[in-house]
Protein chains: 2
Amino acid sequence: MSEAETGRDRQLYGFDILSTPLLTDLYELNMFDAYLEAGMTAPAVFEFFVRKLPPCRNFLVAAGLEQVVRFLREARFGEAELAWLRDSGRFSQQAIARLAAFRFTGDVDAMPEGTVFFPDEPVLRITAPLPEAQFLETRIINLLHFQILIASKAVRMVLAAGEDRTLIDFGLRRAHGAEAGLLAARAAYLAGFAGTATIPAEPLFGIPIFGTMAHSFIQAHDDETEAFLHFARARPAAVVLLLDTYDTEAAARKLVELAPRLAAEGIHLRGVRLDSGDLAEHARRVRRILDEGGLDQVRIFASGGVDEHVIAAHRAADVPIDGYGIGTSLTTSNDWASLDCAYKLQEYAGIARRKRSEGKATLPGRKQVWRRFDDAGRMAGDTIALLDEPGQGEALLRPVMRDGEPVAPLPSLEEARSRLRRQLERLPAGLRGLATDHSYPVVVSAGLQRLMAAVDSQSAH
Amino acid sequence: MSEAETGRDRQLYGFDILSTPLLTDLYELNMFDAYLEAGMTAPAVFEFFVRKLPPCRNFLVAAGLEQVVRFLREARFGEAELAWLRDSGRFSQQAIARLAAFRFTGDVDAMPEGTVFFPDEPVLRITAPLPEAQFLETRIINLLHFQILIASKAVRMVLAAGEDRTLIDFGLRRAHGAEAGLLAARAAYLAGFAGTATIPAEPLFGIPIFGTMAHSFIQAHDDETEAFLHFARARPAAVVLLLDTYDTEAAARKLVELAPRLAAEGIHLRGVRLDSGDLAEHARRVRRILDEGGLDQVRIFASGGVDEHVIAAHRAADVPIDGYGIGTSLTTSNDWASLDCAYKLQEYAGIARRKRSEGKATLPGRKQVWRRFDDAGRMAGDTIALLDEPGQGEALLRPVMRDGEPVAPLPSLEEARSRLRRQLERLPAGLRGLATDHSYPVVVSAGLQRLMAAVDSQSAH
C-alpha cells in the first residue's frame, strides 16, 4: 500500500520533523536507555568542533546557534513520539518515562553567530546529564554543520565581491530540501549577502527578498518585447528584465527601444539580468548598448554558475556587473559539501575524557578559546585552553543557557551579521583571499597539554 | 530584537515549511501576478529534466515523485500565507484572491520512482494553467533534485557492494538539514540500502532502522570492558560493539574474553564496528582475533569515510567486512552535490515553446521517452519523442494525476525499490561500474527534430 493511502498523508510528515527530538540516530536512544540501566546520569560535557579545514576554506564562520537554542527549548516527546517509542518495543519503560518528561535542563556555552573560528576550537559546549546530552547530538550537529558550512562558503563570495557588488541567494531549488533552502538563505545573509529569492526567509528571518522573472515568462509570449512590457506593467516599481532567453544583445536593443514607452508609463527600469553564456562578454556588450541608448542608470545582474572564483575574475577584469544571483554553489557549498565536524564527550562525572581513535583523537576537558590581536587590531592567533586557565585577549565562548533557560536574548541575525563584518576587517590579509592559506596560528595551552598527557597515562584501557 | 523574542518562537518556523506553497522564489509569485494581469492563464506544459550527467555518474535514478504528488495535493495558502501576501504590498488583489482559492488542478505524468534515466529525458511533466504550473516550479525542483541526486549516488554504492554486503545510511548529522536527512534515508533505501540510522524514517517511510553505540558511551566508562557489558545488557537481542575508541585490536581481544560471560547471560553478540584508521587492515586483524576466539559468527561492520570507491576496493581485496555504515558521502553526495536540472516551459496555449539560451537550449513540446531492449533483455537505447509520435519499446512516463487527482495510488517505496533492482539487472555492463561510461545511446526522434526546427524558424525574436 502506498504511504499516500495511509493516515499519514494529512501532513507531509507525521510529526513536526523540524522540532521532534525523534529526529536522531537510533543509537542515541539505545545509549539513552543503556545509560539509565547502568545508572550513569551524572553531568557530561560535550563540545562541538570542526576537525579540519577544507583545502578551499581559510577560516570558518559560527552559525546556527539560534536554531540549536530553539531546538533545545522546544524539543518534546509528544503523543506521536511516545506512541512510536512504545510500539517499537526497543526501549525500557524507564527510558520511555524519562523521555516523556524530557525538558532540556543543561547549560550551553558557545561562540556567538558570526564569529570567525578554526579547527579544533570548540564552537559550542553542552553540559547536561549524560543521557540527555548524548541523544541531542545528532540534531545539534545537523543544525550547526549546515549553517557553518554555508556561511563559511558565502563569506568567500562576499570577500571576493567587495563593497560595490550585490549578492543575492537564488539557490532554494537545488538546496537539499526545504530546511536547507531556508537556512542557507539565513547563513548567506549572516555572511553578508544582501538577501535572497526565498520568500519565507522574509517573514521568518527578516531577510530582504528579491525576485525578477524567469525564461518561461518570455517563452510564454509570442514576442519578447511584449513579454517585457507585460512584466514591467505588472511590477512597475523596480523592473528587472531577463535578456538571454533567445539572443542577449538583441534583447538589450529591444529594451533601449522600449525604454521611452516604459518611462512614459511611469515604470522604473531598474536592471537587466544575464543568465547564460560568457557572462563577462555579454555584460560588456550589454553595458555598451544600454549606455549608448541612454540607459546608463540601468544595472546589470548576472546569474548561472556563479561562484567566488567567477566573481573574483570579473572584479579583477572590471567587468560591468553590479550584482549576482548565486544558486547551487552557495546553497550546496558545491566545492566542499560537508565539514569534518564532531560533537564529543570531553568530561563525565567531573573526570576529563578523551577518545584516541586514529586520526580522530580529541582534546579533553571543558575549554575556552582565547584570541589575541596585534597592535593594528588584526587577529594574531588563538589559544585553546582549559576553562579554568587564565587566558589573554578575547574569550570566544560565552554563556548562552543555564539550567535549560537562555541567560539573555540571543543577538539578532542583524547583530550576528555586523559581528562578522567587524571580524572580517580584523582578519589577517592572507585569509581574506581565495587562495589556500592555513597559516593562522592556533595553539593548545600548557594546561590542556598537561591534561591530555594525564588522561592518557591514567587510562587503564 | 532577537527572533526568539518575537511571537515566532512557538514553532521552529511560522508556517509548515515542508508543505507551504510560499516556499518558492519571489519571482514565481511576481510572474503569477504578471500572467494574471496579461490574461495569460491558458494551459502550459512544463517538464523537469537533468541537463547533463556528472562525470562520476553513469545514469540517474528517478526519485521524489511521491513527495511532489503530496505537495501538489496539499499545497494551500492558509491564513499565515495570506496574511504575508497581503502585508507584503507586492501583489494585486486579483493575485491574492486566486492564491487564496488555489488547489492544484493540473495533470502530472512522470517516470515511476526507481526508473533509470538519462540527461534531457523528461522525468516529470506538469500540465496546468500557466500561473499555477509556474509558481510550483521551485519546490518541484527542490524535491525531485535532491532525491534523484541521492538515489543516483547510493546506487553506485549498492552496485559496488554486491549482494553480500549490507549498507546502512548513517548520514543524518551531516545531511543539509532535517528534510535532507529524512529524504536521503528514503532515496538510499529506494536505491537498495538495507536501512538507516535515522529514526523517523521508520514511522514515516517504513524503512528498517539500525543503531549501535558511539565512542562517547565507551569514554563515559572508566573501563572499556565494563562499557561493553553495560551496553550489551541494555540491548541483549542483537549487540553491536564499537572497537576503535582506544585500540581496536586490544578491544577485540577484550571482547573474546568477555564472550563466554555474555553467552551465559543469554546475550546475542551480533557484530563489531570499526570507525577509524585503515579499515581493511583492522578488519583483517579483528577477523583473525574473533575467529581464533571462537567468534566466527560475529560480523564486522565498518564506518567512517566510506564511499563507493572504498567499498569496491575492499571487495576486490576480499576484505572481511560484512556491512557498512555510510554517512556524509551518501547524504551530501559529496563528490557531486548537485545536478544540473531544470523545469522548463515546453508548450503554452497549444504552441510548442523553446528556450535557446547558450548551453541551455530546450527540447520543445510534450514528450515521451521510449526504451528499447536487446535480445538478452539489456537496455539498448532510449528515444525522446513527441507524445503523439509512435514509439518502440517501453514508454517510461506514465499518467500520475488528472485534474489535480491521482489516477491511482502511487507504487509504494518497496515497489519502487524492486523496480530499480529489476532495472539494474538490465543495465548495460559498462554502466554498472564506477568508471565513467557515458556511452548509453539517447536519441531525439525525427518528429521532435522537425518540431525544434519549426519552432526556431517560426519565432520572430
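In strand 5 of chain B, B:Leu124 is the bridge partner of B:Phe48. The model that shows this pairing is predicted. The pair belongs to a longer contact: strand 1 (residues 43–52) and strand 5 (residues 124–129) of chain B are joined by 6 bridges. These two strands run antiparallel. In general, strands of a sheet pair through backbone hydrogen bonds, either parallel or antiparallel.

Strands 1 and 5 are part of an open sheet of 7 strands in chain B. The order across the sheet is 13-12-1-5-3-17-18, and the pairing is antiparallel. Strand 13 (351–352) and strand 18 (405–406) of chain B stand at the edges. Each has a single partner strand, so one side of each is left without a neighbour in the sheet. Helix 6 (residues 137–161) of chain B packs on this sheet. Helix 6 touches strand 1, strand 5 and strand 12 (340–348) of chain B. The direction of helix 6 makes about 140° with that of strand 12.

Chain A shows some strand pairings in detail. Strand 3 (residues 107–110) of chain A pairs with strand 17 (residues 398–402) of chain A in the antiparallel sense, over 3 bridges. There, the bridge partner of A:Ala110 is A:Arg398 in strand 17. Strand 17 of chain A also pairs with strand 18 (residues 405–406) of chain A, again antiparallel. This pairing has 2 bridges, and A:Arg402 stands opposite A:Glu405. Strands 17 and 18 of chain A form a hairpin with 2 residues between them. In the turn, A:Asp403 has a positive phi of about 50°.

Parallel pairing is found around strand 11 (residues 323–326) of chain A. Strand 6 (residues 166–169) of chain A runs parallel to strand 11 and is joined to it by 4 bridges. A:Thr166 stands opposite A:Gly323 in strand 11. Strand 10 (residues 299–303) of chain A also pairs with strand 11 in the parallel sense, over 3 bridges. Here A:Ser303 stands opposite A:Gly325. Which way do the residues of strand 11 point? A:Gly323 and A:Gly325 point one way, while A:Tyr324 and A:Ile326 point the other way. All are buried. Strand 10, helix 13 (residues 308–316) and strand 11 of chain A make a right-handed β-α-β unit.

Taken as a whole, chain A holds 17 helices and 19 strands. Its C-alpha atoms fill a box of roughly 80 × 65 × 40 Å along the principal axes. Of the 461 residues of chain A, 56% count as buried. Among contacts in chain A with a separation of 6 or more, 73% are between residues 24 or more positions apart.

The two chains are related by symmetry. Two copies of a chain are related by a rotation about an axis and a shift along it. Chain A can be laid on chain B by a turn of 180° and a shift of 0.0 Å along the axis, with an RMSD of 0.0 Å. That is the relation of a two-fold axis. The same surface serves both copies, as 97% of the contact residues of chain A recur in chain B.

How many residues does the contact take from each chain? It takes 107 residues from chain A and 104 residues from chain B. On the side of chain A, the largest share comes from helix 1 (residues 26–37) of chain A, with 7 residues. By class, this side has 50 nonpolar, 31 polar and 26 charged residues.

Helix 1 (26–37) of chain B also helps to cover buried residues of helix 10 (residues 224–234) of chain A. The buried residues of helix 10 include A:Phe228, A:His230 and A:Phe231. Their cover also includes helix 9 (215–219), strand 8 (239–242) and helix 11 (248–264) of chain A.

One residue of chain B shows the contact between chains from close up. B:His176 is found in the loop between strand 6 (166–169) and helix 7 (178–191) of chain B. Is B:His176 buried or exposed? It is buried, because 31 other C-beta atoms lie within 10 Å. Leaving aside neighbours within four places in sequence, B:His176 is in contact with A:Phe146, A:Ala175, A:His176, A:Gly177, A:Ala180 and B:Thr332. The C-alpha atoms of B:His176 and B:Thr331 are separated by 8.0 Å. Along the chain, these two residues are 155 residues apart.

Note on methods. Residues are numbered from 1 along each chain as its sequence is written. Chains are lettered from A and ligands numbered from 1 in the order in which they are written. This is a predicted model: local features need pLDDT of at least 70, side-chain atom pairs count only at pLDDT 80 or more; totals for chains, interfaces and linings use all residues. Two strands pair if DSSP finds at least two bridges between them. Two residues are in contact if their C-beta atoms, placed from the backbone, lie within 7 Å. Axes are lines fitted to C-alpha atoms, for helices over the stretch in contact, and angles run from 0 to 180 degrees between N-to-C directions. Copies are superposed by least squares on the C-alpha atoms of residues with pLDDT of at least 70 in both. Ala, Val, Leu, Ile, Met, Phe, Trp, Tyr, Cys and Pro count as nonpolar, Asp, Glu, Lys and Arg as charged, and the others, Gly among them, as polar. A residue is buried if 20 or more other C-beta atoms lie within 10 Å of its own, exposed if 12 or fewer, and partly exposed in between; C-beta atoms are placed from the backbone. A crossover is right-handed if, with the strands pointing away from the viewer, the path from the first strand over the helix to the second runs clockwise.
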